[in-house]
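Trainee: I would like to go through this model and ask what lies behind the terms used for it.

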Amino acid sequence: MRIIVEKDYHSMSKKAALMLSSQITLKANSILGLATGGTPLAMYDKLIEMYREGEVDFKRVQSFNLDEYCGLAAENENSYHYYMQHNFFKDINIKAENINIPDGSSSDLIQECQNYENKIKQSGGIDLQVLGIGENGHIGFNEPAEKLNVATNIVELTEETIKANSRYFASKDEVPQKAISMGMATILKAKRIILLASGKNKAEAIAKTVNGKISTQVPASLLQSHPRITLIVDQQAASLINQSELSANCYLEIC
Ligand SMILES: N[C@@H]1[C@@H](O)[C@H](O)[C@@H](COP(=O)(O)O)O[C@@H]1O
């Protein structure tokens, strides 16, 4: 696990955008795994800027999003469909048929999960997966639990996540209680992974991810077992990392 500590949110986002654009430069038909939330917003802005300047071309790129709330239609402003369209896709030249996001409004959610998992498999697999992290260490919507889902599945959101994500909704009551999320194996099968974290409120989750033992109670800690994972974090998110007690396979670069 490589841990890159950047000065602030801006430099963290820039580095992440450079990693995505170099992936696409090396493989024009890359399959990207994409994340939502507040954290990747500036990375998407930077990629849009690079696209406008002719530095990156998305015309052969395919994307798979990590997750989607159940019960929200694509037009709902709080859906991840809306988020992706509004914050990224509308401003780049990715083809509509190459965009994949689980359909949380499907009448058969179980079938939707299986179809989504199969589609990722048939595509040849994700080349580069972008992740954020929840304050409780969740990735995608894989919440801390005794057992975690292997493949794409329906998940119950914890009270903590509903509360944390309510900042994007008019009220806490509007936050859906369920979501579709890629499973842990779906995520860990990606050829490369980058996880982004910014701010003091993510510091504890980051410390548990890199210092702790692998535990399903901290889903992000399972990333320690991935051979090509890079954490890009700002100084605040890195502030609780115990450098002298890093897991054996971790190395830290302070920029
Ligand atoms: N499902 C998403 C995650 O993919 C995201 O990483 C997390 C953190 O979001 P933020 O970046 O807004 O803190 O929020 C949601 O729960």
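Mentor: Start with Leu-195, and keep in mind that the model is predicted. Leaving aside residues up to four places away in sequence, Leu-195 touches Leu-131, Ile-133, Ala-220, Leu-223, Ile-229 and Leu-231.

Trainee: What makes these residues count as touching Leu-195?

Mentor: Two residues are in contact if their C-beta atoms lie within 7 Å. Leu-131 and Ala-220 are among those that touch Leu-195, so by that cut-off their C-beta atoms lie within 7 Å of that of Leu-195.

Trainee: Which residues touch the most other members of the largest nonpolar core?

Mentor: The core has 68 residues, and Leu-195 is one of those with the most such contacts, along with Ala-16, Ile-194, Leu-196, Ile-206, Ile-232 and Val-233. Helix H1, residues 9-26, supplies the largest share of this core, 6 residues.

Trainee: Why is the protein chain called as compact as a globular protein of its length?

Mentor: Its radius of gyration is 17 Å, and the globule rule gives 18 Å for 255 residues; the two are close, so the description holds. The chain has 7 helices and 11 strands, and its C-alpha trace spans about 50 × 45 × 35 Å along the principal axes.

Trainee: How many of the residues count as buried?

Mentor: The share is 43% of the 255 residues. A residue is placed in that group if 20 or more other C-beta atoms lie within 10 Å of its own.

Trainee: What surrounds the ligand?

Mentor: There are 14 residues around the ligand, the closest being Gly-37, Gly-38, Thr-39, Gly-132 and Phe-141. By class, 9 are polar, 4 nonpolar and 1 charged.

How values were computed. Residues are numbered from 1 along each chain as its sequence is written. This is a predicted model: local features need pLDDT of at least 70, side-chain atom pairs count only at pLDDT 80 or more; totals for chains, interfaces and linings use all residues. A residue is near a molecule or strand if its C-beta atom, placed from the backbone, lies within 6 Å of it. Ala, Val, Leu, Ile, Met, Phe, Trp, Tyr, Cys and Pro count as nonpolar, Asp, Glu, Lys and Arg as charged, and the others, Gly among them, as polar. A nonpolar core is a set of buried Ala, Val, Leu, Ile, Met, Phe, Trp, Tyr and Cys residues joined through C-beta atoms within 7 Å. A residue is buried if 20 or more other C-beta atoms lie within 10 Å of its own, exposed if 12 or fewer, and partly exposed in between; C-beta atoms are placed from the backbone. Helices (H or I, at least four residues) and strands (E, at least two) are DSSP runs, numbered from the N terminus. The radius of gyration is taken over C-alpha atoms; the globule rule is 2.2 Å times the number of residues to the power 0.38.
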